[in-house]
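Please look through the structure below with its charged side chains in mind, and then with its interior and its backbone in mind. The paragraphs that follow take these topics in turn.

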Amino acid sequence: MDFKGFDHPGSPAGDGTRSVKVMIAGGFGTGKTTMVRSVSDIKPLTTEETLTQASAGVDHLIGVTDKTETTVSLDFGKIGINDELVLYLFGTPGQERFWFLWNGLFKGALGAVVLVDTRRLASSFRAIEEMERQDVPFVIALNVFPDSPEHPVDEIRDALDISPDIPVVACDARDRSSSRDVLVALIRHLKERSAVALEPR
């Protein structure tokens with residue numbers, strides 16, 4: 001894949017590779033930390049803390065009752081897509097009480113993956129709204145859980161109220177190759193947006 005032509009491709013490293021900041025966002029318990037862990041080439045930095053009884057009335061565990069930890073700041077990982085492109089991955093916290101951290105995390109991001117749990121679509125509404133508010137290009141990644149209901153993509157688009165040009169892909173955030181495919185889909189989406197922006201008017 002040729003990575004020339006980005007409207008904001010990131011800073012070239014000394015060896016000619018480009019480094020790009022990518023956000024991994026979504027609602028509480030949608031698999032953001034899992035994705036960063038599964039796909040990172042380095043041991044990821046995580047800021048997970050144990051869920052306690054004090055959070056019982058704050059963190060809604062519907063659909064994720066087995067969850068025992070939660071991200072309180074950010075997750076960080078790194079993956080080389082090929083010899084030309086390195087992605088620095090920043091996973092956002094999903095709970096509303098940590099959303100104040102998002103503004104700083106989004107600074108300088110070229111694009112984002114919004115992870116969605118189809119059992120709890122509403123949990124990712126806020127992340128999508130934030131992408132649109134910050135004008136960050138994104139793709140939707142449907143993290144398929146064992147008991148996830150199957151819905152046609154058009155129904156998912158309608159429920160999430162997203163435009164037809166935003167890619168929607170299914171994935172297993174636990175699987176490295178599946179998570180990598182999501183990131184490649186994001187890069188392709190960014191290149192397509194750049195090509196459209198560069199077309200003569």
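In this predicted model, the side chains of D172 and R174 meet in a salt bridge, with a nitrogen-to-oxygen distance of 2.9 Å. The two partners can be described by how much of their surface is left uncovered: D172 has a relative accessible area of 22% and is therefore partly exposed, whereas R174, at 59% relative accessibility, counts as exposed. This pair belongs to a structure that holds 7 salt bridges, and two further pairs deserve a closer look.

One of them joins R126 to E130, whose closest N and O atoms are 2.6 Å apart. Both residues lie in helix α3, where a spacing of 4 residues corresponds to about one turn of the helix. Is E130 buried or exposed? With a relative accessibility of 2%, E130 counts as buried, because the limit for that class is under 20% relative accessible area. Its partner R126, by contrast, is partly exposed, with a relative accessible area of 25%.

The other pair reaches across the sequence rather than along a helix. D147 forms a salt bridge with R119, and the closest N and O atoms of this pair are 2.8 Å apart. Because D147 sits in the loop between β8 (138-143) and α4, while R119 sits in the loop between β7 (111-116) and α3, the bridge ties together parts that are 28 residues apart in sequence. D147 counts as exposed at 52% relative accessibility, and R119 is partly exposed with a relative accessible area of 25%. This contact is also part of something wider, since D117, R119, R120 and D147 are linked in a network of salt bridges.

Other acidic residues gather at the surface without such partners. Which residues form the negative surface patch? The patch is made up of E129, E132, D154, E155, D158 and D161, and a residue can join a patch only if it has over 30% relative accessible area and no salt bridge. Helices α3 (125-134) and α4 (153-160) each supply at least two of the patch residues, with the largest share, 3 residues, coming from α4. E132 is a member that lies in helix α3, and at 45% relative accessibility E132 counts as partly exposed. Helix α3 thus holds both the R126 and E130 pair and the patch member E132.

D161, another member of the patch, is found in the loop between α4 and β9 (168-171), and at 65% relative accessibility D161 counts as exposed. The backbone of D161 is also worth inspecting, for D161 has a positive phi of about 55° although it is not a glycine. Most residues other than glycine have a negative phi. D135 likewise has a positive phi of about 55° without being a glycine. D135 is found in the loop between α3 and β8, and with a relative accessible area of 61% it is exposed.

From that loop the chain can be followed to strand β8, in which I140 lies. At 0% relative accessibility, I140 counts as buried. What does I140 touch, leaving aside residues up to four places away in sequence? Its contacts are V114, V116, I128, L160, I162, I166, P167, V168 and V169. I140 and I156 are 16 residues apart in sequence, and their C-alpha atoms are 9.9 Å apart in space.

These local views can be placed within the protein as a whole. Its secondary structure comes to 5 helices and 9 strands, and from the N terminus on the elements run β-β-α-β-β-β-β-α-β-α-β-α-β-α. Of the 201 residues, 47% count as buried, a class to which both I140 and E130 belong. Among the contacts with a separation of 6 or more, 74% are made by residues 24 or more positions apart. The protein exposes about 10,300 Å², and carbon and sulfur atoms supply 52% of that area.

Conventions:
Residues numbered from 1 in each chain as written. Predicted model: local features only at pLDDT ≥ 70, side-chain atom pairs only at ≥ 80, totals over all residues. Heavy atoms only, no water. Patch = residues over 30% accessible without salt bridge, like charges linked within 9 Å, V, L, I, M, F, W, Y side chains within 5 Å. Areas by Shrake-Rupley, 256 points an atom, 1.4 Å probe, with all protein chains shown as cover. Salt bridge = Lys/Arg side-chain N within 4 Å of Asp/Glu carboxyl O. Lys, Arg positive; Asp, Glu negative; His and termini not counted. Charge placed at Lys NZ, Arg CZ, Asp CG, Glu CD. Buried < 20%, exposed > 50% of the residue type's maximum accessible area, 1.4 Å probe, protein only. Contact = heavy atoms within 4.5 Å.
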